[in-house]
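Ready to practise reading a protein model? Work through each exercise with the structure open beside you, and try the task before you look at the solution.

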Amino acid sequence: MVHVTRIVIIGGGPGGYEAALVASRLGAEVVLVEREGVGGASVLTDCVPSKTLIATADVMSSFESAEELGIRIGGVSLGGSCVTGVNLDRVNRRVKNLASAQSVDIAESLAKAGVQIVKGRGRLTPDRQVEVDLPDGTVALYHADVILLATGVRPREVAEAMPDGERILNWKQVYNLKELPPELIVVGSGVTGAEFAGAYQALGSAVTLVSSRDRVLPGEDADAAEVLESVFRRRGMRVLSRSRAASAVRDGDRVIVTLEDGRTVEGSHVLMAVGSLPNTEDLGLEEAGVELTKTGHIDVDRVSRSTSAPGVYAAGDVTGVLLLASVAAMQGRIAMYHALGEAVWPINLKRVSSNIFTSPEVATVGQTNANAHHDSPGFNEYKLALDSNPRAKMLDFKDGFVKLFSRKGSDTIVGGVIVAPRASELIHPITMAVDLHLTVDQVASVFTVYPSLSGSIAEAARRLHADVKDED
């Protein structure tokens, strides 16, 4: 008799549904438990919606160069109407429709793969089975050989600035707005805060960005952050650095944000973007012997396995490893390969590329000055300004750069930073160079299209090679 491995996955985000697809293809019997909708927060309320909103904002940002390019906007009919502003209600309807459609597509893929989808709230039992509270009030029990937890995170809330869904908002609630906020205060200058601040500014809101740190994107490359903050300010954003928000309260149709130093900032709406918390409550983790880290995330090793509970794996933001949909998906796939006895490479975060969807975008991969450990070998680096690129000149792209890092001695590419429109597309060649351990010379010698933005990658490599030779 052939034994079929039974796998139960709690959470239908990228970590969960990618794991389900892999496990099903490998012959396992798979049950995926999701309480809100397949795709999870990433598809329904986070990554897909926010990037769809930002796509509209990008179109608005592109008009900044219209005059320089010889384009007259006023009075020109685009699609039957003149470009005069943004219908946020229509934008948000499109955002929600695309998110729902993506969720349906994923659910159909899972169903075709033979995955059983169960709507409900799942939790572990002390003997490491899975109980599910179903919508009809009953409880179902699923036996499992392997359990994967992919329950994600939720917006962190501050008691003195609790969201009401109308004027004080978290990132899940902004898509319910019917009209563009005239004066939006964004509290938090990390990735989420910077993305939304830039997007709403492009859509037409007067934006104030409240940052508790000395610059926006405090965890990112300092040069990249400097460029982005300069662009924000040039476009009219008010950036309050070293200004920690103490509270946010409503006063009729106004919102008052009080800073810790006593200053106040007034606006029509406030978006609280002050981090996230892992969804680990009411999962039965303690009873099942699943240990958490000091930050409350599920403690896992590099193959996504719980460090304390045999047969239990976790993937995605709930692990706190790196809050990216691509990392969540990779963790889920790795977990299933490992659990089902397939050959697997443990996750290597030095090869992960990430992107911040501001305008311009900020893309990063590998080891850089911002994330290198103190005991890492020294780097060679070169930064090439984007405005030296002929294609960028044609498109009137003035802000940004390509920066490459190579290891001293071997000259292998170990990391890179790109600040540019569509940096998310441009980072891929550098990601391949990092993953394949290519040298600076190898990257420099590859043909690129002329003129192209990607030509700056090869040019940066050539100049980095020249700098290293000069040092020698």
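**Exercise 1. A salt bridge between distant parts of the chain**

Task: In this predicted model, find the salt bridge between lysine 178 and aspartate 89, and work out which parts of the chain the pair ties together.

Solution:
- Step 1. Check the distance: the closest N and O atoms of lysine 178 and aspartate 89 are 3.7 Å apart, and a salt bridge needs them within 4 Å.
- Step 2. Locate the partners. Lysine 178 lies in the loop between β11 (168-169) and β12 (183-187), while aspartate 89 is in helix α4 (residues 88-112), so the pair links parts that are 89 residues apart in sequence.
- Step 3. Look at the surroundings. Lysine 178 has a relative accessibility of 58% and counts as exposed, because exposed means over 50%. Aspartate 89, with a relative accessible area of 22%, is partly exposed.

**Exercise 2. Two further salt bridges**

Task: Which elements hold glutamate 266 and arginine 254, and where do aspartate 435 and arginine 351 lie?

Solution:
- Step 1. Begin with glutamate 266 and arginine 254, which form a salt bridge whose closest N and O atoms are 3.9 Å apart. Glutamate 266 belongs to strand β17 (residues 264-267) and arginine 254 to strand β16 (residues 254-259), so this bridge ties together parts that are twelve residues apart in sequence.
- Step 2. Add the accessibility values: glutamate 266 is partly exposed at 46%, and arginine 254 is partly exposed at 25%.
- Step 3. Turn to aspartate 435 and arginine 351, whose salt bridge has its closest N and O atoms 3.2 Å apart. Aspartate 435 sits in helix α11 (residues 428-435) and arginine 351 in the loop between α8 (325-339) and β21 (353-356), so the parts they tie together are 84 residues apart in sequence.
- Step 4. Describe their exposure: aspartate 435 is partly exposed at 32%, and arginine 351 is partly exposed at 35%.
- Step 5. Widen the view. Glu64, Arg234, Arg235 and Asp399 are joined into one network by salt bridges that share partners. A search of the whole structure finds 26 salt bridges.

**Exercise 3. How α3 packs against α5**

Task: Decide whether α3 and α5 are parallel or oblique to each other, then say which kinds of residue make up their contact.

Solution:
- Step 1. Read the geometry: helix α3 (residues 47-62) and helix α5 (residues 191-203) pack at about 45 degrees, with their axes 8 Å apart.
- Step 2. Classify the angle. Roughly parallel would require an angle under 35 degrees; α3 and α5 are therefore oblique to each other.
- Step 3. Note the handedness: α3 passes α5 in a left-handed crossing.
- Step 4. Find the contact. Among the α3 residues that meet α5 are Leu53, Ile54, Ala57 and Met60, and their partners in α5 include Phe196, Ala199, Tyr200 and Leu203. By class, the contact has nine nonpolar, three polar and two charged residues.

**Exercise 4. How α3 packs against α4**

Task: What is the handedness of the crossing of α3 and α4, and how do the residues of their contact divide by class?

Solution:
- Step 1. Start from the axes, which come within 9 Å and cross at roughly 140 degrees for α3 and α4.
- Step 2. Classify the pair. Roughly antiparallel would need an angle over 145 degrees; α3 and α4 are therefore oblique to each other.
- Step 3. Give the handedness: α3 passes α4 in a right-handed crossing.
- Step 4. List the contact. Val48, Pro49, Thr52, Leu53 and Thr56 of α3 meet Leu88, Val91, Asn92, Arg94, Val95, Leu98 and Ala99 of α4. These residues divide into eight nonpolar, three polar and one charged.

**Exercise 5. The setting of alanine 458**

Task: Is alanine 458 buried or exposed, and which residues does alanine 458 touch?

Solution:
- Step 1. Place the residue: alanine 458 is in helix α13 (residues 455-471).
- Step 2. Judge the accessibility. Alanine 458 counts as buried because its relative accessibility is 3%, and buried means under 20%.
- Step 3. Leaving out residues up to four places away in sequence, alanine 458 touches Val443, Ala444, Val446 and Thr448.
- Step 4. Compare sequence with space for one of these partners: alanine 458 and valine 443 are 15 residues apart in sequence, and their C-alpha atoms are 6.0 Å apart.

Conventions:
Residues numbered from 1 in each chain as written. Predicted model: local features only at pLDDT ≥ 70, side-chain atom pairs only at ≥ 80, totals over all residues. Heavy atoms only, no water. Helix = DSSP H or I, 4+ residues; strand = E, 2+ residues; numbered from the N terminus. Buried < 20%, exposed > 50% of the residue type's maximum accessible area, 1.4 Å probe, protein only. Contact = heavy atoms within 4.5 Å. Salt bridge = Lys/Arg side-chain N within 4 Å of Asp/Glu carboxyl O. Axes fitted to C-alpha atoms, helices over the stretch in contact; angles between N-to-C directions. Parallel < 35°, antiparallel > 145°, perpendicular 65-115°, else oblique. Left-handed = near helix turned anticlockwise from the far one by under 90°. Nonpolar A, V, L, I, M, F, W, Y, C, P; charged D, E, K, R; others polar.
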